[in-house]
There are 4 protein chains.
Amino acid sequence: MSVLLVECLDRRDLMLAISRVLFDHGFNVVQSQEFVDRESGRFFRRTEFDGAVDSACLVEQNKGVLPEGVAVRVASPLPKRIMVLVSREHHCLADLLIRNQFGTWKARIEAVVGNHLDLGESVGQFGVPFSSGSATGREPVAHEASLQACLEEAAPDFIVLANYLRILSPEFVSRDPSRIINIHPSFLPAFVGARPSQQAFQHGVKVTGATAHFVTDALDQGPILVQQVLPVDPTRSAEAPARSGRDVEQFALAQARQLVLKIESFFAEIGRSFLTDHPLISR
Amino acid sequence: MSVLLVECLDRRDLMLAISRVLFDHGFNVVQSQEFVDRESGRFFRRTEFDGAVDSACLVEQNKGVLPEGVAVRVASPLPKRIMVLVSREHHCLADLLIRNQFGTWKARIEAVVGNHLDLGESVGQFGVPFSSGSATGREPVAHEASLQACLEEAAPDFIVLANYLRILSPEFVSRDPSRIINIHPSFLPAFVGARPSQQAFQHGVKVTGATAHFVTDALDQGPILVQQVLPVDPTRSAEAPARSGRDVEQFALAQARQLVLKIESFFAEIGRSFLTDHPLISR
Amino acid sequence: MSVLLVECLDRRDLMLAISRVLFDHGFNVVQSQEFVDRESGRFFRRTEFDGAVDSACLVEQNKGVLPEGVAVRVASPLPKRIMVLVSREHHCLADLLIRNQFGTWKARIEAVVGNHLDLGESVGQFGVPFSSGSATGREPVAHEASLQACLEEAAPDFIVLANYLRILSPEFVSRDPSRIINIHPSFLPAFVGARPSQQAFQHGVKVTGATAHFVTDALDQGPILVQQVLPVDPTRSAEAPARSGRDVEQFALAQARQLVLKIESFFAEIGRSFLTDHPLISR
Amino acid sequence: MSVLLVECLDRRDLMLAISRVLFDHGFNVVQSQEFVDRESGRFFRRTEFDGAVDSACLVEQNKGVLPEGVAVRVASPLPKRIMVLVSREHHCLADLLIRNQFGTWKARIEAVVGNHLDLGESVGQFGVPFSSGSATGREPVAHEASLQACLEEAAPDFIVLANYLRILSPEFVSRDPSRIINIHPSFLPAFVGARPSQQAFQHGVKVTGATAHFVTDALDQGPILVQQVLPVDPTRSAEAPARSGRDVEQFALAQARQLVLKIESFFAEIGRSFLTDHPLISR
């Protein structure tokens, strides 16, 4: 099963052209969605099909059929390579390690990097390499170097920040803004920054949440991938929101992974607001 | 804006054929979804487009292009005609009357029929005809006759049972099983039949719900259109579930209407399990 | 059924003292909750009981039993008097008018005041007085005067802002910050101010919401009473969030009313963050 | 922190008597709830307090103060001992093992017993004993014997069925019906028995769910502890509900554990329908 993603300015002959390409290649279409964003006038399409073809080949072979300026991408069905960044909180990491071990997602954790050493032993127990770059993991320069070295070796499709509390440098982020995914334990854009569960509790919200989003230079402001919510029990202490916050995070992450690790599914599932802001499929 | 619905056994040239028809007619496609149900091998498509055409014309004009056996339907963008059946509970009816009065849906309530007289005055206050067929509204034969007369006059696209507690005769239901919509105050298939809120309370469920579904001869078993849920407060008395049940019903109905009254949107929004059971678009 | 509310600095003999008062009066307790907020060291209690007594009497008769400085209030079981402020949007108002007409809440709408005339006719149709103070309803001075006159005549327990788009003056608000309730079509504190549904759509959130809260001078920042959420369909246009926003608002308001109009239930249901900020029960 | 649970037929002097006991012992009450179930006329109370006392002592020392026939229990703040039963599905087990390893709950997994050997290695990796009683784990007699032996050694406070597909014998269940907790991947009472996710998909429900409940002889009918729901994506294949079913199960279990492992919290959080059916606190 492959996934074809198409994005370009809308024109009336697009649907026919793409249908022809798929038919000529003999692909069986299983599912397809398309829509035009009226504000931007852009056309988006996502098609699942039985068959395999390289993006470049597809474009090359259909020069006469596909209009100029069409961004076409065929998403690979290979398991995604993942690198996870952590601090001291284990609960998102644990969920990822478990999925990794039992093989319940189409991804493989290549490495975990921490800016603390606390989780090193647990990660090792799962047979996944852990590094920090320093005795404590907390010296910025050594940690950053370790991060870079690890990145080169792991060559991840995605970097997941699993309760990673350090802010990444603009250089690191800017290299590929659609590759780094953060899980933030609040219903963004509410409660940006540190200690969102405590912020939410102080604010007296009746529903708490978690958000998985791409990381950009604007703190906790990147394109939202998925959000989950959970009611707050008002009679509980400040501990309780933190606790239920962890559960909702874990839940959000469980959902996020399914989206996140199939980049090809973003088109249909994450949709317009994300795609129009981020030229995901033309990258 | 029109909506094209297509259903048939899957074949590889379908997408191309339909794309060609839309292109040849000069229609601008705004949004389109299609999928193949692997179990039944059937193909489903729903396409919104700027333009207008009659179903029969479309089929006639494209005899050479569309494969044989394709069920094609172009849904009319006209406001739907609605008939509402009620007993004594007002809360779903009230919501429908309000939407009717303020014109916030693409539908018009042509008539309300009750098997009690209780709601007659309120209905009249909104300028909508009310009938029951008897002094009390409760004599079965007179009521059934009234229902039939009203049906002929109102010529509704849809009949909505808004807390209507009488069971319709098989003859009445079988005439058009995709035309009668019931709202049931439970999370079906749980708590079929009478007093579902009380059943739910006795059962000790932690979440209550409501379901909008098409009416068939099997009580509360017709194809589900939409479901809503709401947490139950366990410290409340039996009254409370009933009360919150009303709210969730009203909410479900609000949602249901948006689906229900745009039959053309069923394809995308209600989807597979419904469509494969019910040949909605070939009717 | 009456409700006793108690708030004060925690002390070890409070529970015993209050139990004694209730026992001595011969009241049957149906339900009771209490908790101590550890941060502020304050004690909160809410007790439903069969019986009736005046707050002042209760305090007077139990001077020796209740500790000094205890704020005691017995909430009246009488229906609450409501004044509703509107602009041009009908959907929250409609829901209130329907409940008013069918008597499904313990409240009575005494008056509706609009800063537009649009909804006047509909309000009249329900037999509720409508005023605006000017030919258009939009001249600030005349409207404010009308508001004030209406307030004096209606003598409401609560003022509900049902999609009222004008910002009330600090003087108006400060008179009784626990009396004015606003319904805001977003998941506060996200998307404060005008056009929250559009803001949410632009931001790309995956879940939309609505919040009922008390009005203070800080725009959309008053204590939160209740919040509701609803998933966003990402393939829809900007209209869709607005539409589903209306439904979620209506739903939130339906929930809010049940809380809002039984001030006595705030203690248990709205809880700590609200109570510690707002000396509701000692007012 | 201890928790006092009280249940008995309602009488007017109960609240005063219990308040006196707590005051005389010098306990600081942190939170307390009580209510009377009007149908059964029974009184329920749950009180969290700073202090420690043995149930038997408390009753003995307050013979004159507490009315006859009052069931009193002080829940121990010790971590609960857990035994987990599994088949071949890992996802609930994995979540429990992770919590166990990272110490994020007040419980300790003493043993895992499987009727298949598949999960043995993974369990061992977490340093938890695994047994099945036979080479394959699937021979009923050997497995049952292993279960019994394990039960005697582990002496668990609770037995959690984490996707355990075998039906326990009535003898096993009847020994302590408030000790065995099952997680069922549907919104009970809908979709009892095998393959509930598939049943749900065939039925066309729009929302899926999971339920944690006590095990009784009636299959999937025991008192409900907690329920979680999740919307269904109608365009997905039958695999998708199964997948999202797993997530919702895991989420439900995460929630269930918090309730389940603090038996003392059942009173407030699980409430009436459970308590009136099951004399939990008088056992």
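1. Two strands pair if DSSP finds at least two bridges between them, and in that sense E5(B) and E8(B) are paired, running parallel over 4 bridges. Strands here (E, at least two residues), like helices (H or I, at least four), are DSSP runs numbered from the N terminus. Within this pairing, Leu85(B) has Leu161(B) of E8(B) opposite it.

2. The model is a predicted one, in which local features need pLDDT of at least 70 and side-chain atom pairs count only at pLDDT 80 or more, while totals for chains, interfaces and linings use all residues. Residues are numbered from 1 along each chain as its sequence is written, and chains are lettered from A and ligands numbered from 1 in the order in which they are written.

3. Strand E5 of chain B (residues 80-86) has a second partner to consider, since 7 bridges join E5(B) to strand E6 (residues 107-114) of chain B, again in the parallel sense. Arg81(B) has Arg108(B) as its bridge partner in E6(B). As for its surroundings, E5(B) is mostly covered, with 5 of its 7 residues buried; a residue is buried if 20 or more other C-beta atoms, placed from the backbone, lie within 10 Å of its own, exposed if 12 or fewer, and partly exposed in between.

4. Chains A and B meet in a contact that takes 18 residues from each of the two chains, where two residues are in contact if their C-beta atoms, placed from the backbone, lie within 7 Å. On the side of chain B that touches chain A, the elements giving two or more residues are helix H1 (14-24) and strand E2 (28-37) of chain B, and E2(B) gives the most, with 9 residues. By class, that side of chain B has 9 nonpolar, 5 polar and 4 charged residues, with Ala, Val, Leu, Ile, Met, Phe, Trp, Tyr, Cys and Pro counted as nonpolar, Asp, Glu, Lys and Arg as charged, and the others, Gly among them, as polar. Strand E2 of chain A (residues 28-37) pairs with E2(B) in the antiparallel sense over 5 bridges, and Gln33(A) has Gln33(B) as its bridge partner in E2(B).

5. Between chains A and D, helix H3 (residues 91-102) of chain A packs against helix H3 (residues 91-102) of chain D at an angle of about 130°, the axes being 10 Å apart. Axes are lines fitted to C-alpha atoms, for helices over the stretch in contact, and angles run from 0 to 180 degrees between N-to-C directions. H3(A) is therefore oblique to H3(D), given that angles under 35 degrees count as roughly parallel, over 145 as roughly antiparallel, 65 to 115 as roughly perpendicular and the rest as oblique. Ala94(A), Ile98(A) and Phe102(A) of H3(A) make the contact with Ala94(D), Ile98(D) and Phe102(D) of H3(D), and these residues divide into 6 nonpolar, no polar and no charged.

6. Some backbone details deserve a check. The peptide bond from Leu188(A) to Pro189(A) is cis, with omega near 10°, and Pro189(A) is placed in the loop between strand E9 (180-184) and helix H7 (196-203) of chain A. In chain C, a cis peptide bond likewise joins Leu188(C) and Pro189(C), with omega about 10°.

7. Ala155(A), although not a glycine, has a positive phi of about 45°, and counts as exposed with 10 C-beta neighbours inside 10 Å. Asn163(B), also not a glycine, has a positive phi of about 60°, but Asn163(B) is buried, with 21 other C-beta atoms within 10 Å.
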